[in-house]
Amino acid sequence: MAKSARNFRSSCITLNPSFFVQLLAISPFSTPKKNSRNRSPRNINLLFFLSLFILCTFSGICLLSFYAISQTPAPCSEISPISSFPPFLMASLSSILKDYPKNSGPNLSTSVMVPLPARGVPSNANVSEIERDFWNQPNGEGYRPCLDFSLDYRKLSAKVSKERRKFLVAVVSGGLNQQRNQIVDAVVIARILESVLVVPVLQVNRIWGDESEFSDLFDLEHFKKTLQADVRIVTSLPSTHLVPQQSIENQLPFHVSPAWIRAKFLHQLNEEGLLILKGLDSRLSKNLPPDLQKLRCKVAFHALKFATPVQELGNQIAKRMWIEGPYIALHLRMEKDVWVRTGCLTGLGPQYDNIISNERNSNPDFLTDKLNITKTARRLAGLCPLSALEVARLLKALGAPINAHIYIAGGEPFGGAHALQPLVHEFPKIATKEILAREGELDPYINRPSVLAAIDYIVSLSSDVFLPSHGGNMGRAMQGHRAYVGHRKYIKPNKRMMLPLMEDGSITEGEFGKIMQKLHKYSKGQPLLRNKKLDRDVLAYPVPECMCKQ
């Protein structure tokens with residue numbers, strides 16, 4: 001409060017006491033000096049309105065400044081580089097971000113989901129230089145979270161947060177991270193349309209069959225409170241807006257702009273008071289104005305906190321990995337539906353490939369990439385998930401020690417233990433949430449794949465190193481979230497370059513290792529500017545819109 005008060009005082013015009021003396025001297029309410037000439041009524045009226053105008057202007061400036069402070073933006077936060085985290089079990093962002101201003105509203109400094117501190121390798125450990133380099137964290141270059149919304153955005157918030165007539169309902173689908181992305185965009189669209197957002201509806205997916213509701217996965221009250229200055233959020237539609245047959249908009253083109261959203265829906269929303277959107281995945285442009293990009297980060301990294309039971313269980317499982325020392329989290333995309341959708345060979349032999357082929361033929365709409373190329377060409381083009389053997393070879397080449405602890409995130413691999421055998425052979429210390437959980441801990445979530453994915457998310461975030469075997473929503477979410485909390489190491493495999501080299505039998509393992517280290521030198525989680533390439537997602541590349549140098 002003291003800091004806010006100082007900001008308030010400095011944001012108002014600094015006035016010398018003599019100003020008030022002079023103002024009173026020309027005010028019609030001041031007593032004229034006896035030796036002064038009598039002023040005409042016209043002059044008195046002019047002076048009265050002039051003094052009134054000055055007082056109103058001064059008051060208005062102070063009020064606007066006070067409102068701006070009440071919408072306190074998150075300044076460049078004090079997340080320390082990962083290597084400087086103190087060695088206690090659970091990091092508290094409230095201590096790491098101690099320079100955030102205190103206010104009565106939701107505090108962004110304590111709403112971020114923070115990983116456990118990176119363990120690293122003790123200086124006296126008997127490890128090689130390449131192994132030590134493998135565990136080292138990238139240079140964050142001084143970037144810190146920085147959600148400094150503009151004054152125009154904050155002024156509009158007063159109107160948007162009090163909206164009572166226009167309502168947006170969003171139906172989101174897919175797995176956990178796909179749903180997260182759509183929830184983020186639903187909030188942004190509600191802000192663009194200046195409408196109330198009804199808590200998003202989670203559609204049951206025919207692949208996962210998960211019937212979880214929003215509050216089963218996320219902390220609903222935290223979600224509403226964190227975004228209260230950006231968008232008004234309600235749990236359900238008021239009775240006045242319930243209609244028997246409301247059309248659902250599910251044909252949005254890809255990458256639409258805020259101007260397109262307003263032109264398409266604002267008139268309907270003003271007329272009917274209700275808009276229902278479905279199928280938001282990748283529909284909103286990745287290139288939005290800075291304030292809306294910051295809002296995306298605020299939703300993803302601050303507002304979408306997991307529900308308390310889910311977060312606590314994820315934390316417990318993460319601690320059980322962390323206590324053993326530094327660990328790698330692998331997101332292995334080896335589930336049956338992944339092989340069906342990508343149109344790739346499993347690498348497990350003809351018996352398994354035939355099963356996938358039959359499944360694909362019976363469900364042709366599952367194939368997400370319909371490029372007319374062979375399965376081998378598809379793999380060499382980097383369009384297929386890495387197999388367990390390919391992941392093992394890459395980890396060895398990059399310097400991962402054979403005694404490294406590895407956490408495998410993802411669903412049950414197609415082929416079971418047989419599919420993981422090449423990885424287990426090279427790195428025997430393998431764990432999953434099922435192995436780490438104690439008896440009965442996962443029982444309430446057996447039929448809730450989204451909750452199990454949330455546990456994987458929490459454990460993966462705390463790993464010293466994260467590596468995805470295939471691009472996707474989880475990989476992008478980890479890339480951005482790990483950057484946002486201090487640029488934790490994130491290895492992005494260059495499949496297109498490395499797979500042909502894996503096929504070349506003339507290259508020795510030593511040569512292959514040197515090539516892989518050089519190939520991935522700048523793919524280890526270092527800060528990358530989103531605007532260096534077109535259509536990068538700010539949730540994967542939060543620099544520079546959501547992070548700045550202090």
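In the predicted model, both faces of strand β9 are covered: H405, Y407 and A409 are buried on one side, and I406 and I408 are buried on the other. The strand, which spans residues 405-409, is thus described as mostly covered, with five of its five residues buried. In a regular strand, side chains alternate between the two faces of the sheet. The division of β9 into H405, Y407 and A409 on one side and I406 and I408 on the other can be read against that background.

Strand β9 has pairing partners on either hand in the strand order, standing between β10 and β8. With β8 (residues 327-331), β9 pairs in the parallel sense over five bridges. Within this pairing, Y327 lies opposite H405 of β9. With β10 (residues 430-431), β9 is joined by two bridges, and these two strands also run parallel. Here I406 faces I430 of β10, while Y407 has A431 as its bridge partner. The chain passes from β9 to β10 by way of helix α17 (residues 417-426), and the resulting β-α-β crossover is right-handed.

At the level of the whole sheet, five strands are arranged in the order β10-β9-β8-β11-β12, forming an open sheet with parallel pairing. Its edges are occupied by β10 and β12 (489-490), each of which pairs on one side only. In general, the strands of a sheet pair through backbone hydrogen bonds, in either a parallel or an antiparallel manner.

Ahead of β9 in the sequence, helix α16 comprises residues 388-398. This helix is likewise mostly covered, eight of its eleven residues being buried. The buried positions are A388, E390, V391, A392, L394, L395, A397 and L398; the glutamate E390 is thus listed among them. An α-helix has 3.6 residues a turn, so residues three or four places apart point the same way. Helix α16 is followed by G399, which adopts a positive phi near 105°.

Confidence was examined along the chain. The mean pLDDT of the chain is 82, and 77% of its residues reach 70 or more. Over residues 1-39, the pLDDT is below 50, and this stretch has 30 contacts in the model beyond near neighbours in sequence. Residues 63-105 also have a pLDDT below 50, with 98 contacts in the model beyond near neighbours in sequence. Where pLDDT is low, the predicted coordinates should not be read in detail.

How values were computed:
Residues numbered from 1 in each chain as written. Predicted model: local features only at pLDDT ≥ 70, side-chain atom pairs only at ≥ 80, totals over all residues. Heavy atoms only, no water. Buried < 20%, exposed > 50% of the residue type's maximum accessible area, 1.4 Å probe, protein only. Helix = DSSP H or I, 4+ residues; strand = E, 2+ residues; numbered from the N terminus. Pairing = 2+ DSSP bridges. Right-handed = clockwise from strand over helix to strand, strands pointing away. pLDDT = per-residue confidence, 0-100. Contact = heavy atoms within 4.5 Å.
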